[in-house]
Amino acid sequence: MKNTTRLLTAIVLSAIKVGHGFYMPPYNPGFMVIPTSNLPTYTLQEIDPLSTLRFGGSDTLLHPGDTLGLLVSIPVRALHASMEEAQHAEDSLSPLISANLQSTLSGVMHLVEANGSNKPIDSLSLDSSASNLKKRGDPKPIFSKEYLTKIGLQQPQSQSGVKAVLVVSELIVARSVKPEGPNAPKVLDVLAAWGLWDPNTSRWKAWGLVPLRKSRSETDRMATTLVATQISTRILQETPIPSSVGDVVRKDRRSRLGGLLLGLELNFGGYMDGDLKTLVKAANSDASVDVASVGVSVAWFPSNWGVGVSLPLFSSVEMSQPSSSNSYSDKSDSKSVKLFDNFNPEVELSGILPFNNSGLIGTIGIGHMSLTGSSTGWDGVPPSGSGWFWKPSLGYYLAGKYAFLLTDLGIESQSYDLLQKSFKATVFSIRIRAGLRLAHE
């Protein structure tokens with residue numbers, strides 16, 4: 001009867017996984033604390049700080065471009081993690097972590113099987129020197145408080161062409177939250193042990209322990225996919241794999257700041273100096289030369305830097321001059337006369353100095369400008385011209401989950417031909433850009 005029940009349960013769980021792609025536990029415990037209105041706010045119990053040991057000096061066996069092996073063990077449930085959802089996490093966590101690690105190190109990482117010669121699991125200390133390394137340790141992972149100071153890893157099979165093997169073993173534990181008591185809620189946590197195995201010397205070159213929840217206040221519910229992503233990222237941040245460090249940082253920054261940016265922008269400003277301003281001042285000493293444009297932009301930020309294109313929908317250069325004062329007041333109004341329509345597409349290179357989900361953004365743009373004179377601003381045939389410009393700018397960038405906002409100040413240097421002469425100008429501009437942030441996860 002028990003076997004029949006287990007078989008039916010396995011069939012139901014498999015159907016749910018196929019239908020949804022990944023399993024999110026339907027129960028409240030699992031990766032969360034049960035929210036109860038009449039209970040105080042809970043925090044995780046304190047755990048000792050974890051340290052990572054790396055042996056072999058600064059050169060830990062690996063170099064960029066080396067081929068790696070990967071062995072992710074089936075998660076182990078600690079004896080005190082008896083909640084039903086721990087079983088559900090065991091079923092889906094390992095393949096998701098393995099897929100995340102392979103995706104991050106695509107092209108250089110291959111799956112490796114565990115050593116099948118009945119060798120015991122190696123017990124590695126997290127707080128001792130390399131000389132205390134045990135090649136033949138305890139036959140089982142350590143479930144007591146020692147899992148904060150020791151880890152158990154299984155040796156992988158040797159495979160030709162692989163420089164090293166990353167071995168990952170997850171331990172699912174139920175952590176108490178404060179205040180303690182007989183009815184204190186629990187929260188599931190994952191402690192992921194990792195190690196780098198050198199098949200040439202048959203030794204562990206580096207190892208460490210990475211917790212899912214690093215803060216006492218992290219008690220929120222997490223889908224299994226998010227758990228796997230968090231664990232995979234922290235493992236690669238800890239391991240001395242040169243080709244992974246940059247990838248992890250780039251993916252993290254793209255998730256927080258980057259992606260595909262589709263925006264609508266508004267630019268306005270004025271000529272600080274130049275030949276055109278001199279020409280306008282000669283006609284009216286009180287007049288100024290102003291610019292305004294509305295456009296669209298597309299940019300790709302793979303990390304905290306990106307490239308983009310800005311295309312104007314409407315752009316004009318105008319002469320603004322004060323009108324005569326109203327005889328009944330001291331106020332004076334101004335009027336504008338269009339001088340040119342300006343088509344000025346721009347290619348941009350940007351970099352962001354991040355602060356969480358925002359940061360300072362610096363941009364260098366270069367583009368081509370085509371000026372078409374307006375009959376309202378000129379006597380006779382209005383002139384036309386073309387030329388080039390470049391513009392450095394500095395501003396503030398704010399990224400939401402699916403939207404972004406950018407505002408910056410720029411100084412544009414122009415050089416163009418007009419009236420059979422070479423014109424130069426310096427233009428101050430203010431830009432506001434907002435839109436959608438896509439393809440960043």
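This is a guided tour of the structure, in the order in which its parts may be selected in a viewer.

**Before selecting anything**

The model is predicted, so local features are given only at pLDDT of at least 70 and side-chain atom pairs only at pLDDT 80 or more, while totals for chains, interfaces and linings use all residues. Residues are numbered from 1 along each chain as its sequence is written, and side-chain values use heavy atoms, with hydrogens and water left out.

**The whole protein**

Display the full chain as a cartoon. The secondary structure comprises 5 helices and 19 strands; helices (H or I, at least four residues) and strands (E, at least two) are DSSP runs, numbered from the N terminus. Of the 441 residues, 43% are buried, where buried means under 20% relative accessible area, exposed over 50%, and partly exposed in between (1.4 Å probe, protein chains only). The accessible surface is about 22600 Å², with 57% of it belonging to carbon and sulfur atoms; such areas come from the Shrake-Rupley method with a 1.4 Å probe, and for residues only the protein chains shown count as cover. Among contacts (heavy atoms within 4.5 Å) between residues at least 6 apart in sequence, 69% join residues at least 24 apart.

**First stop: the largest nonpolar core**

Select Leu101, Leu166, Ile231 and Ile235. Within the largest nonpolar core, which has 28 residues, these four touch the most other members. A nonpolar core is a set of buried Ala, Val, Leu, Ile, Met, Phe, Trp, Tyr and Cys residues joined through side-chain atoms within 4.5 Å. At least two residues of this core come from each of strand E3 (68-72), helix H2 (84-104), strand E8 (164-178), strand E9 (186-198), strand E10 (203-211) and helix H3 (224-238). Another core, of 20 residues, lies apart from it and includes Val337, Phe340, Leu371 and Phe423.

Next, centre on Ile235. Leaving aside neighbours within four places in sequence, Ile235 is in contact with Leu166, Val168, Ala192, Trp194 and Val210.

Then move to Val173, in strand E8. Val173 is buried, because its relative accessible area is 0%. Select Leu188 as well: the C-alpha atoms of Val173 and Leu188 are separated by 5.8 Å, with the two residues 15 apart along the chain.

**Second stop: strands around E19**

Select residues 421-438, which form strand E19, together with strand E11 (residues 259-274); the two run antiparallel and are joined by 14 bridges. Strands count as paired if DSSP finds at least two bridges between them. Leu266 stands opposite Ile432 in E19.

Add strand E18 (residues 403-418), which is antiparallel to E19 and joined to it by 16 bridges. Gln414 has Ala425 in E19 as its bridge partner. E18 and E19 form a hairpin with 2 residues between them, and Leu419 in the turn has a positive phi of about 55°. Gln420 is also found in the loop between E18 and E19. Although not a glycine, Gln420 has a positive phi of about 60°. With a relative accessible area of 85%, Gln420 is exposed.

Continue into the segment after E19, where Ala439 lies. Ala439 is not a glycine, yet has a positive phi of about 50°; at 52% relative accessibility, this residue counts as exposed.

**Third stop: the largest cavity**

The structure holds 3 cavities of 30 Å³ or more, and the largest has a volume of about 260 Å³. A cavity is a set of points, on a 1 Å grid over the protein atoms alone, where a 1.4 Å probe fits but cannot get out; lining residues have an atom within 4 Å of a point. Grid points are joined across faces, edges and corners, and a volume is the space filled by probe spheres set on the points.

Select Asn267, Ser293, Asn344, Lys391 and Glu412, which are the closest to the centre of the largest cavity among its 24 lining residues. The elements giving two or more residues to this lining are E11, strand E12 (288-301), strand E13 (305-322), strand E17 (384-399), E18 and E19.

Now isolate Ser293, placed in strand E12. Ser293 counts as buried, at 11% relative accessibility. Leaving aside neighbours within four places in sequence, Ser293 is in contact with Glu265, Leu266, Asn267, Phe314 and Ser315.

**Last stop: E13, E15 and E16**

Select E13 and strand E15 (residues 346-355), which pair in the antiparallel sense over 6 bridges. Gly306 has Ser350 in E15 as its bridge partner. Finally, add strand E16 (residues 358-373), which runs antiparallel to E15 and is joined to it by 10 bridges. In the hairpin of E15 and E16, with 2 residues between the strands, Asn356 takes a positive phi near 60°.

Technical notes: On a 1 Å grid over the protein atoms alone, a cavity is a set of points where a 1.4 Å probe fits but cannot get out, and a pocket is an open set with protein on both sides within 12 Å along at least five of seven lines; lining residues have an atom within 4 Å of a point.
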